[in-house]
Number of protein chains: 2
Amino acid sequence: MPGPIQSIERAAAVLRLLASGARRMGVAELARALELPKPTVHGILRTLQLVGFVEQSPDTGKYQLGAALFHIGSSYLDGNELRTRALNWSDSLASRSMESVRIGTLHENQVLVVHHVFRPDNSRQVLEVGALLPSHASALGKVLLADDPVGLSLADDEPLKAYTPATITDLDALSDTLEQVRQRGWASDVEELVDGEVSLAAPIRDRRAVTVGAVGISGPVERLCDEKKQPRTDLVSYVREAARSISRELGAIPW
Amino acid sequence: MPGPIQSIERAAAVLRLLASGARRMGVAELARALELPKPTVHGILRTLQLVGFVEQSPDTGKYQLGAALFHIGSSYLDGNELRTRALNWSDSLASRSMESVRIGTLHENQVLVVHHVFRPDNSRQVLEVGALLPSHASALGKVLLADDPVGLSLADDEPLKAYTPATITDLDALSDTLEQVRQRGWASDVEELVDGEVSLAAPIRDRRAVTVGAVGISGPVERLCDEKKQPRTDLVSYVREAARSISRELGAIPW
DNA sequence: TTGACCGTTCGACCATGTCGAACCCACGGC
DNA sequence: GCCGTGGGTTCGACATGGTCGAACGGTCAA
């Protein structure tokens, strides 16, 4: 019976919509967005509520994501070998570089952050685990795109979004950058996603030498770059060494 | 049509099983556990894979949770008002107490950790957001149980598990403790979950004065307790003040 | 080779989910 | 006050769409 199960597909679509839409949504609202009859959507919601994947505000009647979904989703991290192996090394990268560290994987042409170590000072920082970053405007993303077999092909569906004046929006320019990333073995993003913010990243490879993730640091341009706005070479080394260590932990042959 | 949708219920069961079972699982394994025919389970898995909720190892053929599920689940936190409002206050609680801070809600008779601030030193700590704690053996849990309308009634399904010699395993004893928690307005756990570990917590209430969560700190017994193994009163005050501040932020009338 | 086990495909039956119509609220304009 | 419009929810007949026994191709150990 090679054919997906309709009701499950629809339930997933409902969940995705509830996740993207910032706020709680009503049955009618969801039904309109999915172009489905109201009772159909309601049946799905009722079931999702039963299993705890969505919750309903008793007063407004609107729906939002449920705690059970959150808990189940977070146990994805336990099974994620990349993250498990990388825990120690990312900590030490954070203390060597004195910057915040992130580890990401490619997911639907974006970077899914699976681990995040705060900068080792006591400043307030927001946890970004589970967040998605644009792949063309972050160092993590460039590293992942550069080695991805599918690579840029998916990207041409929609134009590259400009986040700052420095964001690469031209496909050919990006392609050149990725070629450079492949050759150098690391990537940078200098104020391409957020003004004043810089990030550096290097690839993590598994035993088959396939790039399965990327590790990198990010911080203000004053600390990560020299006076010519070039990434500091010592930090680049730290990142590359961390990436290599994690790769070795995953069974990769040092390259 | 008041009746849950079978296939969605089953899909949820599959996901729950994949989340609890530490490792990747095969079709046959899942089918046996759920007492369903193999092709049925396979159909569900195929659909879940299509939407990215599960992934399949290309070599072993076994299944594990997928990245999409993780990302959707993590956006539960955005819509969680409790967590959003509590961010600032938990940070300052962490720096005042110099201990790690956690915020939790009751979920299926356990404590779901929705926020976690590391202890403000540079030690290595594991992120516990998304984890579940036993409610009878943690300060957070006691606070939540004490004010829960359903409360202990659910607990008598299965006996209280002993984690350490100090864990409260007797229902009557727990009931007395909860009464005390209600009166004092805060709860403690002295080596009841982990040897040498102590936690303190206080309730967070919303505008209707309903307890919607709890905030607390945890750390080694030497730092959190005095020589009589009693929680330090200054730390208790910090925790209670933080809880009250968050409650006020949620619209509660100071009690 | 054999057998046991795996993940996967096939296809017919009929249980199951679907969706138009109708219901009951809470609002808000008239 | 009344009706109209919107919300979330229930009903029920129809047929779509999911289910599961049987069978297929693969891998591994004996």
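A search for disulfides across the whole structure, which is a predicted model, finds zero of them over all chains. Two cysteines can still be described by their surroundings: Cys225(A) has a relative accessible area of 7% and is buried, and Cys225(B), at 6% relative accessibility, also counts as buried. Both values can be read against the cut-off for the word, because buried means under 20% relative accessible area.

**Chain A as a whole**

Chain A contains 10 helices and eight strands, and 52% of its 255 residues count as buried. Taken along the principal axes, the box filled by the C-alpha atoms of chain A is roughly 60 × 45 × 35 Å. The domain assignment divides chain A into domain 1, covering 6–73, and domain 2, covering 76–249. When the centres of these two domains of chain A are taken over C-alpha atoms, 33 Å separate them.

**Strand E3 of chain A and its partners**

How many of the eight residues of strand E3 of chain A are buried? Seven of them are, so this strand, made up of residues 100–107, is largely enclosed by the rest of the structure. On one hand, E3(A) pairs with strand E8 of chain A, residues 211–220, in the antiparallel sense and over five bridges; on the other, E3(A) pairs with strand E4 of chain A, residues 110–117, again in the antiparallel sense, over seven bridges. Arg102(A) takes part in both pairings, for its bridge partner in E8(A) is Gly216(A), while in E4(A) it stands opposite His116(A).

The strands E3(A) and E4(A) form a hairpin with two residues between them, and in this hairpin Glu108(A) takes a positive phi near 55°. On the other side of E3 of chain A, in the loop that lies between helix H6 (81–97) and this strand, is Met98(A). Met98(A) is a residue other than glycine with a positive phi, here near 60°, and its relative accessible area of 43% makes it partly exposed.

**Strand E8 of chain B and its partners**

In chain B, attention can turn to strand E8, residues 211–220, where nine of the 10 residues are buried, so that this strand is largely enclosed by the rest of the structure. Strand E3 of chain B, residues 100–107, pairs with E8(B) in the antiparallel sense over five bridges, and within E8(B) the bridge partner of Arg102(B) is Gly216(B). Strand E7 of chain B, residues 197–205, runs antiparallel to E8(B) and is joined to it by nine bridges; here Val198(B) has Gly219(B) in E8(B) as its bridge partner. E7(B) and E8(B) form a hairpin with five residues between them, and in its turn Ala209(B) has a positive phi of about 65°.

The strand pairs described above, all antiparallel, are set out below.

| Strand pair | Bridges |
|---|---|
| E3(A) and E8(A) | five bridges |
| E3(A) and E4(A) | seven bridges |
| E3(B) and E8(B) | five bridges |
| E7(B) and E8(B) | nine bridges |

**Two further residues of chain B**

Is His115(B) buried or exposed? With a relative accessible area of 11%, His115(B) is buried, and it is found in strand E4 of chain B, residues 110–117. His115(B) and Ala131(B) are 16 residues apart along the chain, and their C-alpha atoms are separated by 10.0 Å.

Glu35(B), by contrast, is exposed, with a relative accessible area of 71%. Glu35(B) has its place in the loop between helix H2 (27–34) and helix H3 (38–50) of chain B, and although it is not a glycine, it has a positive phi of about 55°.

**Cavities**

The count of cavities of 30 Å³ or more comes to five, and the largest of them holds about 90 Å³ of space. Which residues line the largest cavity? The lining is formed by Ile8, Ala11, Ala12, Leu15, Leu48 and Phe53 of chain A, together with Ile8, Ala11, Ala12, Leu15, Leu48 and Phe53 of chain B. The elements that give two or more residues to this lining are helix H1 (6–20) of chain A and helix H1 (6–20) of chain B. Sorted by class, the lining of the largest cavity has 12 nonpolar residues, with no polar and no charged residues.

How values were computed:
Residues numbered from 1 in each chain as written. Chains lettered and ligands numbered in written order. Predicted model: local features only at pLDDT ≥ 70, side-chain atom pairs only at ≥ 80, totals over all residues. Heavy atoms only, no water. Buried < 20%, exposed > 50% of the residue type's maximum accessible area, 1.4 Å probe, protein only. Helix = DSSP H or I, 4+ residues; strand = E, 2+ residues; numbered from the N terminus. Pairing = 2+ DSSP bridges. 1 Å grid on protein atoms, 1.4 Å probe; cavity = no way out; pocket = protein on both sides within 12 Å on 5 of 7 lines; lining within 4 Å. Points joined across faces, edges and corners; volume = space filled by probe spheres on them. Nonpolar A, V, L, I, M, F, W, Y, C, P; charged D, E, K, R; others polar. Domains from an automatic or database assignment. Disulfide = S-S within 2.5 Å.
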